[in-house]
Amino acid sequence: MDVTPLLDSLNEPQRQAVSADSGNLLVLAGAGSGKTRVLVYRIAWLLQVAQVPQWGILAVTFTNKAAREMRGRIEEMLGTPVGGMWVGTFHGLTHRFLRAHWQDAKLPQHFQIMDADDQFRSIKRTLKAMQLDESRWPPRQVQGFINKQKDEGLRPSHLDPAGDFYMEKMVEVYREYESARIQAGLLDFADLLLSSLELLRERPDILHHYQQRFRHILVDEFQDTNAIQYAWLRLLSGNNDNLFAVGDDDQSIYGWRGARVENIQSFQQDYPNTRTVRLEQNYRSTGNILAAANALIANNPTRLGKNLWTDDSDGEPIRRYTAFNEVEESRFVVERIRGFVQNEGYRRDECAILYRTTAQSRLFEESLMQAGIPYRVYGGLRFFERAEIRDALAYLRLVSNPDDDAAFERVVNTPTRGIGERTLEMVRQQSRESRVSLWRAAEDLIRTSALGPRASGAVRRFLDLILEQRRIDAELDLAETVNRLIQATGLPDFYLKSKDGKGQDRIENLEQLVDTVARFEQDLDPEEGDILGAFLAHAALEAGETQADAYEDSVQLMTLHSAKGLEFPIVFLVGLEEGLFPHSLSAEDPERLEEERRLCYVGMTRAMQQLFVTHAENRRLYGREDYPAPSRFLRELPPDLVEEVRAAGVARRHPAPAAKMAGKAGAAAAGGYQLGQHVRHPKFGEGVVLSSEGSGTNARIQVNFREVGAKWLVLAYARLEPAGS
Ligand SMILES: Nc1ncnc2c1ncn2[C@@H]1O[C@H](COP(=O)(O)OP(=O)(O)OP(=O)(O)O)[C@@H](O)[C@H]1O
Ligand SMILES: [Mg+2]
């Protein structure tokens with residue numbers, strides 16, 4: 001067979017990786033060097049040239065979207081469908097595996113996935129049932145503890161508190177949480193991996209089957225696998241020497257979630273028979289963008305080290321914009337995007353706004369909305385996470401599995417149907433005592449007439465509502481079932497009457513849910529028997545990625561974490577301020593600071609043609625007002641690659657100090673100045689007094705200058721004068 005067309009559009013090291021003979025292979029290379037491209041071509045090569053059957057290939061991607069694109073790409077290249085391959089995220093693949101082996105894994109056939117929010121609520125319920133005080137046992141902390149144990153492969157029985165009271169309690173909560181979860185027929189995200197791993201360990205026959213089957217295992221973004229994911233890969237590959245991993249240690253950004261860059265080193269040790277290929281040519285970014293990103297990441301002391309070059313031209317300089325405050329920052333960005341789209345022929349989806357925390361998206365959304373520019377947020381307020389969608393999904397989950405306690409709790413009295421807290425407490429009590437689900441407990445209480453007649457009637461009506469839907473489920477298509485269910489629940493009326501003014505939006509979202517279901521049904525593999533179950537899994541697994549309106553050409557908004565692997569012609573990296581990016585939680589800890597820098601590197605290297613970096617001198621976030629210094633990452637960019645830009649026609653007006661510095665405004669600072677007062681310096685320009693210390697000739701004053709950021713000045717020499725307002 002002629003393999004030239006496949007290999008033609010690759011450089012030499014890429015070609016070697018794609019067409020390598022058997023054995024493990026690690027592609028270790030920087031951003032934009034074609035790692036993902038190599039992975040895709042490798043699969044095409046395996047199918048077409050090495051004649052590997054589709055079902056012999058397993059590929060792990062970072063997002064479900066990436067998996068779909070990968071499949072699409074390969075189908076395009078080969079001109080034939082490749083549905084038999086297993087391509088997906090760790091969660092998606094292990095879910096598929098457990099669905100196929102639910103009996104072996106001792107799971108209910110229609111087990112559902114509980115997301116982070118379900119998990120959080122369930123932990124709160126567990127704490128309450130155990131009469132533990134939330135202030136001493138903060139649910140978030142407990143949740144972190146449980147997930148960490150699972151990510152390390154540890155069930156409660158593996159943990160030995162060794163007389164430590166705190167640990168003893170934590171393990172007890174973990175155990176209780178587990179039994180409630182199992183009783184409800186639910187798996188949390190970490191369970192998907194852990195349960196698959198356990199099943200493979202316990203059942204050599206099943207393990208053997210998959211080891212025989214997956215003759216090739218390929219992994220993208222290998223640097224971000226955690227211990228349990230790596231263990232799963234090792235188990236599946238066995239002694240087959242069939243792992244093909246691509247990654248970049250400089251882009252490891254999930255250390256906080258237990259990902260370990262060391263896996264890259266372990267890989268080479270655990271698999272001595274591994275060939276390492278390095279790619280050094282970057283095909284994505286202009287010379288300036290690449291040089292700036294390289295300079296930034298060079299500040300990290302612990303790197304495996306690599307070179308990256310491009311034969312693209314230098315291109316535009318990196319543009320840096322200093323906004324007066326966060327609102328102005330968002331307006332500047334939106335103005336520029338409008339310019340690119342209207343005057344320079346860019347599509348909207350060629351422009352991306354990347355930020356450190358999800359809370360930053362709101363202002364950009366508002367500015368875009370005002371400007372009438374369509375946009376899409378990834379990882380922000382996600383469609384499947386909106387309250388009304390979660391309510392509707394909870395009903396669906398109960399239809400699929402009445403024992404789903406998380407769903408039961410969520411909607412038993414939403415909309416309000418006269419089931420009071422006292423009744424609910426009785427149901428919970430009954431469920432705890434007889435170790436059955438809330439649903440069964442409710443049935444028991446009705447049967448034994450333990451509830452008063454009114455409460456009993458209300459609970460009965462709720463149970464009947466769900467049972468009724470279970471009956472019609474079989475006869476209609478899923479979209480119609482969902483539509484009927486939504487109407488029957490009374491949710492639309494309930495939202496319309498609620499006073500938060502969002503009723504109409506919520507109803508539109510419910511309508512979108514029905515559309516989403518219809519689309520999902522159309523695209524579904526006809527072999528999939530349990531459509532409802534498949535849809536619910538889709539909603540849980542893709543919650544972070546998809547929005548229902550994902551089809552229009554729109555500006556892309558996302559956190560830096562979700563930008564991994566993607567590329568955009570125009571990138572705005574916003575909020576480059578100390579405390580925000582690097583994040584305040586990370587600035588003190590050298591390891592976490594390195595991770596923040598890698599995150600910045602990831603952000604910069606998403607840009608193909610133009611990169612903007614912006615920061616605000618004054619920011620209100622989480623209800624707090626701050627005067628943050630520009631991020632240290634800005635200083636780490638070589639000055640000759642950076643150009644300062646000014647917004648045309650944006651008035652720089654100063655807010656009244658008293659209003660802006662709530663709490664401390666007007667307090668006396670040294671030298672007769674007041675905190676929050678506007679001052680002018682002959683060299684640094686205008687700024688705002690932040691604080692002062694010392695007195696007399698030692699007095700120092702801290703001023704946040706618009707142009708140069710915060711500085712401490714010795715008052716006696718400072719030549720400050722009051723300014724403006
Ligand atoms: N040999 C090549 N010829 C032309 N274009 C290439 C070549 N290799 C890669 N590219 C292009 O370069 C860009 C970056 O490639 P790719 O996304 O595969 O890089 P990556 O190493 O996976 O990046 P990241 O580390 O950000 O995930 C893509 O647009 C890709 O099509
Ligand atoms: Mg990639």
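Where is Gly32 found, relative to E1 and H3? Keep that in mind as you click through this predicted model.

Start by selecting ligand 1 and its surroundings. The shell holds 19 residues, and Gly34, Lys35, Thr36, Arg37 and Tyr283 come nearest. Colour them by type and you'll get four nonpolar, ten polar and five charged. Now colour by domain: domain 1 (4-88 + 215-280) and domain 2 (290-382 + 550-645) each supply at least three residues to this shell.

Next, pick helix H3, residues 35-48. With three residues, H3 gives the most to the shell around ligand 1.

Step back to the loop between E1 and H3, and there's your Gly32. Gly32 counts as buried because 25 other C-beta atoms lie within 10 Å, and 20 or more is enough for that label. Show its contacts, skipping neighbours within four places in sequence: you should land on Asn282, Tyr283, Arg284, Ser285 and Thr605. Tyr283 may look familiar, as one of the residues that come nearest to ligand 1.

Then select Ala31, in the loop between strand E1 (24-29) and H3. Ala31 is buried too, because it has 24 C-beta neighbours inside 10 Å. Leaving out residues up to four places away in sequence, Ala31 touches Asp248, Gln251 and Thr605. Thr605 also turned up among the contacts of Gly32.

Last stop: select Ala29, Gly30, Ala31, Gly32, Ser33, Gly34, Lys35 and Thr36 together. An unreviewed UniProt entry places the feature "binding site" at Ala29, Gly30, Ala31, Gly32, Ser33, Gly34, Lys35 and Thr36. Gly34, Lys35 and Thr36 are also among the residues that come nearest to ligand 1.

Conventions:
Residues are numbered from 1 along each chain as its sequence is written. Chains are lettered from A and ligands numbered from 1 in the order in which they are written. This is a predicted model: local features need pLDDT of at least 70, side-chain atom pairs count only at pLDDT 80 or more; totals for chains, interfaces and linings use all residues. A residue is near a molecule or strand if its C-beta atom, placed from the backbone, lies within 6 Å of it. Helices (H or I, at least four residues) and strands (E, at least two) are DSSP runs, numbered from the N terminus. Ala, Val, Leu, Ile, Met, Phe, Trp, Tyr, Cys and Pro count as nonpolar, Asp, Glu, Lys and Arg as charged, and the others, Gly among them, as polar. Domain bounds come from an automatic or database domain assignment. UniProt positions are given in the numbering used here, feature names are shortened, and annotations may be inferred rather than shown by experiment. A residue is buried if 20 or more other C-beta atoms lie within 10 Å of its own, exposed if 12 or fewer, and partly exposed in between; C-beta atoms are placed from the backbone. Two residues are in contact if their C-beta atoms, placed from the backbone, lie within 7 Å.
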